[in-house]
Amino acid sequence: MSAPSPAIVHDRYDDLYLRRILRETKTIAMVGASANWNRPSYFAMKYLLDRGYRVIPVNPAAAGQEILGQKVYGSLAELPQKADMVDIFRNSEAAGPITDEAIRHGAKVVWMQLGVVNDAAAKRAEDAGLKVVMNRCPKIEHSRLAGTIEWHGIASGVISSRKRAL
């Protein structure tokens, strides 16, 4: 009998782990997607769409509208198909209920964006058999692993998750 595999430490990820997730993922539900062109979720969604992923925006405030030509849904339960990955563009506290919804939805991966960390939600997802990534961006990781990160606005000062001061 083999020993159980150790829990993944969520402060760093092996490149093979990230590559496998990005290679096996075809459909991404982006929770917190924004139609605002200067929000990080908009840049990430555009990048992922341009790389051939099917990205379904999830945002209750924009349900029924379109972002980058994709219909927006109010929740994961409303999606017309199962998403392989749930990409969370919400705060760490909101990531808990969204992770629970991702588990019920049948997603294979929960990916929490930069600055989003919820260890209890990650444990629930892993216990349910999902892969988890926290405090990372699939756009940035895809660019980094493809060797094209400098082409995509990283460190340009244009893309920021911080709200502008008035």
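A residue counts as buried when its relative accessible area is under 20%. In this predicted model, Tyr17 has a relative accessible area of 15% and is therefore buried. Tyr13, with a relative accessible area of 9%, is likewise buried.

These two tyrosines also form an aromatic pair. A search of the whole structure finds 1 such pair. The ring centres of Tyr13 and Tyr17 lie 5.9 Å apart, and their planes meet at 10°, so the pair is classed as stacked. The class follows because planes under 30 degrees apart count as stacked, provided that the ring centres lie within 6.5 Å. A further tyrosine, Tyr47, has a charged residue over its ring: Lys139 lies over the face of Tyr47, at 5.5 Å from the ring centre.

The chain as a whole contains 5 helices and 7 strands. Read from the N terminus, the elements follow the order α-β-α-β-β-β-β-α-β-α-β-α. The series thus opens with a helix and ends with a helix, and a run of four strands, β-β-β-β, stands between two helices.

Contacts in the chain were examined for residues at least 6 apart in sequence; of these contacts, 57% join residues at least 24 apart. Of the 166 residues in the chain, 46% are buried, and Tyr13 and Tyr17 belong to this buried class. The surface exposed by the chain amounts to about 9,300 Å². Carbon and sulfur atoms supply 52% of that exposed area.

Technical notes. Residues numbered from 1 in each chain as written. Predicted model: local features only at pLDDT ≥ 70, side-chain atom pairs only at ≥ 80, totals over all residues. Heavy atoms only, no water. Phe/Tyr/Trp six-rings, centres within 6.5 Å; stacked < 30°, edge-to-face > 60°. Buried < 20%, exposed > 50% of the residue type's maximum accessible area, 1.4 Å probe, protein only. Lys NZ or Arg CZ within 6 Å of the ring centre and 35° of its normal. Contact = heavy atoms within 4.5 Å. Areas by Shrake-Rupley, 256 points an atom, 1.4 Å probe, with all protein chains shown as cover.
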